[in-house]
Amino acid sequence: MKLSHFNFNLPKELLAEYPAENRDESRLMVVNRATKTIEHKMFKEIIDYFGDGDVLVLNNTKVFPARLYGNKEKTGARIEVFLLRELNSEQRLWDVLVDPARKIRIGNKLYFGDDDSLVAEVIDNTTSRGRTLRFLYDGSYDEFRNKLTELGETPIPKYISREVNEDDAERYQTIYAKEEGAVAAPTAGLHFSKHLMKRLEIKGVKFAEITLHVGLGTFNPVEVEDLSKHKMDSEELIITQQACDIVNEAKVKRKQVCAIGTTSMRAIESSVSSAKTLNTYEGWTNKFIFPPHDFSIATCMVTNFHTPKSTLMMMVSAFCGHDLMKKAYDEAIKEEYKFYSYGDAMLIL
């Protein structure tokens, strides 16, 4: 399939600026691949589709406050610095994006905080907007990380035109987030409330936690018509033996294995044995899933509604079937479902 197969007209007003008032009261479209049917539910009704021994695969990555604002030395120009990944903890080197990039050159210094208590020096150019920064801070490493957290803000997506508010720190994070390292939330998981998780647990549903630290590369635009030529950025992935045991036992017993979000799906599809079981993994993955793809682990998935021509939409199309997904997206627009990070959800059976 080609890039143009994933283009559609998405009305701007359907991009969600705010999350639903309650996590589990967003809308849920249920798409059945076997019957080709579409149903409209509330997210908390997802419990009706799972029973004893079924497994939900959850990405327990935790978003850190990756967006900082600093001032350039001498000119005082306000510069946005988006932390992507730590390169060296001892030297406090970070891979970042800067905006506006044309003003930032090697050797420049940036000052953060009202008291300029944190300083960074630009030591390399990586891409047109990418830079390597060395942070200069007198305290210990833990104090340095606390300072980044104090000065940073929740990195809600740029399409959200409003200012970041206090609620975003909680709501742009899953309730099961544990392992800090993501710069974007695994948004399908945002719909789960503590109450819903407890009800699923009482029903006998099991949770397999994996860690995929979501990077901005997930949202990079595809700029080639031939999808086989698109290269995904690498993201750090950890799959433990415990997660493998939970998933593989469910497969042996022919129970459902549901990937909660495209990040969970990418994770489990990145480490499959020849016997189609889940293997442990610790490293990086740049797996790009697009049609056609033979899925090995998950029997169903939960996902949000994605933007046109995105790699996330391509993965969903590969799992759902392109024609059925197109039908579902047409229905979502007609019924005014909310799209993207704070939007509504889809369960594909």
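**Reading strands, salt bridges and pockets in a predicted model**

Q: Which residue of β6 stands opposite Leu68?

A: Opposite Leu68 stands Val81 of β6. The coordinates come from a predicted model. In a regular strand, side chains alternate between the two faces of the sheet.

Q: In which sense do β5 and β6 pair, and over how many bridges?

A: Strand β5, residues 67-72, pairs with β6 in the antiparallel sense, and five bridges join the two. Their hairpin has five residues between the strands, and in this hairpin Lys74 adopts a positive phi near 70 degrees.

Q: How does β5 pair with β8?

A: The sense is antiparallel here too, over three bridges, with β8 spanning residues 109-112. One contact to inspect is that of Lys72, whose bridge partner in β8 is Leu110.

Q: How should salt bridges be read, and how many does the structure hold?

A: Side chains of opposite charge can pair when their charged atoms come close. The structure holds 16 salt bridges. In one of them, the side chains of Glu86 and Arg145 meet with an N to O distance of 3.6 Å. Glu86 belongs to strand β6 (residues 78-88) and Arg145 to helix α1 (residues 141-151), so this pair ties together parts that lie 59 residues apart in sequence. Glu86 is partly exposed, its relative accessible area being 28%.

Q: Which residue forms a salt bridge with Glu249?

A: The partner of Glu249 is Lys206, and their closest N and O atoms are 3.8 Å apart. Because Glu249 sits in helix α4 (residues 241-252) and Lys206 in strand β12 (residues 206-212), the pair ties together parts 43 residues apart in sequence. Glu249 counts as partly exposed at 34% relative accessibility, and Lys206 counts as partly exposed at 37%.

Q: Where do Lys326 and Asp330 lie, and what separates them?

A: Both lie in helix α7 (residues 322-334), where they are four residues apart and thus separated by about one helical turn. They form a salt bridge whose closest N and O atoms are 3.9 Å apart. Lys326 is partly exposed, with a relative accessible area of 47%; Asp330 is also partly exposed, at 44%.

Q: Which residues are linked with Arg67 in a network of salt bridges?

A: The network links Arg67 with Glu80 and Lys158.

Q: How is empty space found, and what is the volume of the largest pocket?

A: Rolling a probe the size of a water molecule over the atoms shows where empty space is left. The largest pocket has a volume of about 980 Å³. Its lining comprises 42 residues, and those nearest its centre are Leu84, Val183, Gly215, Leu216 and Gly217. Elements giving two or more residues to this lining are β6, β7 (93-99), β11 (179-182) and β13 (235-239). The largest share, six residues, comes from β6. By character, the lining divides into 19 nonpolar, eleven polar and twelve charged residues.

Q: Which residues lie nearest the centre of the second largest pocket?

A: Tyr69, Glu153, Arg162, Glu163 and Val164 lie nearest the centre of this pocket, which 13 residues line. The space in the second largest pocket is about 250 Å³. Each of β5 and β6 supplies at least two residues of its lining. That lining divides into five nonpolar residues, one polar and seven charged.

Key:
Residues numbered from 1 in each chain as written. Predicted model: local features only at pLDDT ≥ 70, side-chain atom pairs only at ≥ 80, totals over all residues. Heavy atoms only, no water. Salt bridge = Lys/Arg side-chain N within 4 Å of Asp/Glu carboxyl O. Buried < 20%, exposed > 50% of the residue type's maximum accessible area, 1.4 Å probe, protein only. Pairing = 2+ DSSP bridges. 1 Å grid on protein atoms, 1.4 Å probe; cavity = no way out; pocket = protein on both sides within 12 Å on 5 of 7 lines; lining within 4 Å. Points joined across faces, edges and corners; volume = space filled by probe spheres on them. Nonpolar A, V, L, I, M, F, W, Y, C, P; charged D, E, K, R; others polar.
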